[in-house]
Amino acid sequence: MQTLFITGGAGFIGSALVRLLITESDWRIVNLDKLTYAGNLESLADLIDHPRHIFRRTDICERAALDALFAELQPAGVIHLAAESHVDRSIHGPGAFIHTNITGTFTLLEATRGYWMTLDSAAQTAFRFHHVSTDEVYGSLGDTGLFTETTPYAPNSPYSASKAASDHLVRAWHHTYGLPVVTTNCSNNYGACQFPEKLIPLMIHNALSGKPLPIYGKGDNVRDWLHVDDHARALWRVFEQGRVGEVYNIGGHNEKTNLEVVDTLCALLDELQPRADGQPYATLKTTVADRPGHDKRYAIDASKIADELGWQPQETFETGLRKTVRWYLDNPEWVAHVVSGEYQHWIERHYSA
Ligand code: NAD
Ligand code: DAU
């Protein structure tokens with residue numbers, strides 16, 4: 001059985017990837033996560049005792065802990081998702097982003113390289129370090145055009161600048177040391193188990209609580225939405241089949257303004273759980289001050305991963321968003337535990353790692 005390290009496996013995308021690989025691969029998954037505010041093992045409650053899922057509470061900035069795990073568990077690859085991920089938090093407190101996203105990726109790369117150099121040459125060749133990154137490294141688009149893998153980097157927020165730096169480190173560790181890396185840059189994800197600070201889960205949570213739905217600026221910024229399970233399938237395809245040293249953009253062909261997203265969510269909630277007072281949820285929409293440096297438009301050209309690796313998203317925005325709203329309606333305790341802070345004690349009650 002081959003062993004894969006997944007960093008950030010208790011986060012939104014990481015937990016979807018762990019779930020996919022426990023269900024659809026025969027790899028042993030070692031989930032390395034510090035459990036910051038964004039890490040939530042409740043998202044993996046049904047898999048926590050699975051014989052092929054090993055959780056180790058680990059900070060990617062701590063080299064000695066990483067060295068010990070590599071020596072003990074001997075992975076055949078790493079998929080690196082651990083990061084500080086929320087743009088608004090990066091504006092208010094960039095330090096954690098520099099530390100985790102840049103120093104953490106550097107520390108993980110060095111630990112990986114130290115271990116990789118101990119492998120025999122066949123194992124070195126087969127090894128993969130897959131870095132999971134974002135389309136925000138390319139900056140902001142005007143009304144036309146798409147991000148390709150050769151779009152010049154132009155990050156605008158502390159978050160995207162820290163991710164851009166980590167992308168460059170990964171590239172350098174390949175070119176300088178020969179570490180077999182692949183990098184993916186993905187557009188906005190949505191789906192189950194997303195922390196309710198990001199647009200879609202925040203709007204669902206606020207709507208169901210009868211709170212205002214805060215729309216930054218005019219609500220005309222555009223994002224290209226991808227269901228998290230489509231992202232997880234793309235990550236696995238790139239890990240298994242991507243060419244070493246290459247970059248693959250991942251996107252859902254779903255460009256929407258923020259207002260379009262919120263209006264669609266409100267209409268779905270009107271249908272699936274009408275308000276007690278009979279008012280449409282859209283009456284809760286409120287415009288608020290814009291995000292500083294707010295990128296206008298993101299849109300991905302995903303033709304490279306489609307043409308080379310045969311990946312296509314399975315969800316449309318309509319099917320994916322309906323599933324997502326259904327999940328939040330069916331799992332109110334997941335959000336309630338996040339709001340109350342109870343989720344941060346889940347590990348003490350259920351797991352001894
Ligand atoms: P998330 O914030 O939901 O999860 C991040 C996870 O990383 C958490 O479980 C957290 O505990 C863990 N973590 C943070 N610091 C750590 C550290 N020092 N050591 C170990 N673990 C640590 O993030 P997400 O939305 O799941 O994003 C995962 C990755 O995908 C990130 O690298 C992000 O930049 C990238 N990405 C996200 C999106 C998106 O739309 N969410 C899109 C493209 C790329
Ligand atoms: O593009 C990929 C990126 O997508 C990822 O790398 C990031 O980790 C992820 O957080 C996401 O970044 P965004 O800033 O695009 O996502 P967010 O959900 O924070 O915001 C989406 C859009 O909605 C953005 O234009 C800002 C707007 N917004 C957001 C919030 C939280 C609002 O109008 N109101 C809000 O309350």
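A residue counts as buried when its relative accessible area is under 20% and as exposed when that value is over 50%, and residues in between are partly exposed. The exercises below apply this cut-off, among others, to a predicted model.

**Exercise 1. Decide whether T184 and H80 are buried or exposed, and state in which strand each is found.**

Step 1. Begin with T184, which is found in strand 6, the run of residues 181–186. Its relative accessibility is 0%, and because buried means under 20%, T184 counts as buried.

Step 2. Turn next to H80, which lies in strand 4, made of residues 77–80. With a relative accessible area of 2%, H80 is buried as well.

Step 3. Look for a partner of the H80 side chain: a polar contact joins it to the side chain of T7, at 2.7 Å.

Step 4. Finally, set sequence against space for T184 and Y159, which are 25 residues apart along the chain, while their C-alpha atoms are 16 Å apart.

**Exercise 2. Classify the aromatic pair of Y37 and F195, and explain what the pair ties together.**

Step 1. The ring centres of Y37 and F195 are 5.0 Å apart, and rings pair if their centres lie within 6.5 Å.

Step 2. The angle between the two planes is 90 degrees; since planes over 60 degrees apart count as edge-to-face, that is the class of this pair.

Step 3. Now locate both residues: Y37 lies in the loop between strand 2 (28–33) and strand 3 (53–57), whereas F195 lies in the loop between strand 7 (189–190) and helix 7 (199–208), so the pair ties together parts that are 158 residues apart in sequence.

Step 4. Check the accessibility of each partner: Y37 has a relative accessible area of 16% and is buried, and F195, at 17%, also counts as buried.

**Exercise 3. Classify the aromatic pair of Y138 and F147, and then find what other ring arrangements the model holds.**

Step 1. Between the ring centres of Y138 and F147 the distance is 5.2 Å, and the planes are 35 degrees apart, which makes the pair tilted.

Step 2. Both partners are buried, as Y138 has a relative accessibility of 4% and F147 has a relative accessible area of 1%.

Step 3. Widen the view to rings that group together: F5, F70, Y115 and F127 form one aromatic cluster. By the pairing rule, the count of aromatic pairs comes to 19.

Step 4. Rings can also have a charge over them, and here R113 lies over the face of Y177, 3.7 Å from the ring centre, while the charged end of K304 sits over the ring of Y248, at 4.8 Å from its centre.

**Exercise 4. Describe the surroundings of ligand 1: how many residues surround it, and which elements supply them?**

Step 1. Ligand 1 is surrounded by 28 residues, of which the closest are I13, D33, S85, Y159 and K163.

Step 2. Sort this shell by class, which gives 12 nonpolar, 12 polar and 4 charged residues.

Step 3. Assign residues to elements: helix 1 (12–24), strand 5 (128–134) and helix 6 (158–177) each supply at least two residues of the shell, and strand 5 gives the most, with 3 residues.

Step 4. Examine the polar atoms. An oxygen atom of ligand 1 lies 2.9 Å from a backbone N or O atom of L81, and side-chain N or O atoms approach ligand oxygen atoms to 2.7 Å in the case of S85 and to 2.6 Å in the case of Y159.

Step 5. Consider the cover: on its own, ligand 1 has 840 Å² of accessible area, and the protein covers 97% of it.

**Exercise 5. Carry out the analysis for ligand 2: which residues are closest, and what part of its area does the protein bury?**

Step 1. Around ligand 2 there are 24 residues, and the closest are T134, D135, Y159, R291 and H294.

Step 2. By class, this shell has 10 nonpolar, 8 polar and 6 charged residues.

Step 3. Side-chain N or O atoms lie 2.7 Å from an oxygen atom of ligand 2 for T134, 2.5 Å for D135 and 2.8 Å for E136.

Step 4. Taken alone, ligand 2 exposes 690 Å², and 94% of that is buried by the protein. Helix 7 and strand 8 (213–216) are the elements that give two or more residues to its shell.

Notes
Residues numbered from 1 in each chain as written. Chains lettered and ligands numbered in written order. Predicted model: local features only at pLDDT ≥ 70, side-chain atom pairs only at ≥ 80, totals over all residues. Heavy atoms only, no water. Phe/Tyr/Trp six-rings, centres within 6.5 Å; stacked < 30°, edge-to-face > 60°. Helix = DSSP H or I, 4+ residues; strand = E, 2+ residues; numbered from the N terminus. Buried < 20%, exposed > 50% of the residue type's maximum accessible area, 1.4 Å probe, protein only. Lys NZ or Arg CZ within 6 Å of the ring centre and 35° of its normal. Near = heavy atom within 4 Å. Polar contact = N/O pair within 3.5 Å; in protein donor to acceptor, adjacent residues only side chain to side chain. Areas by Shrake-Rupley, 256 points an atom, 1.4 Å probe, with all protein chains shown as cover. Nonpolar A, V, L, I, M, F, W, Y, C, P; charged D, E, K, R; others polar.
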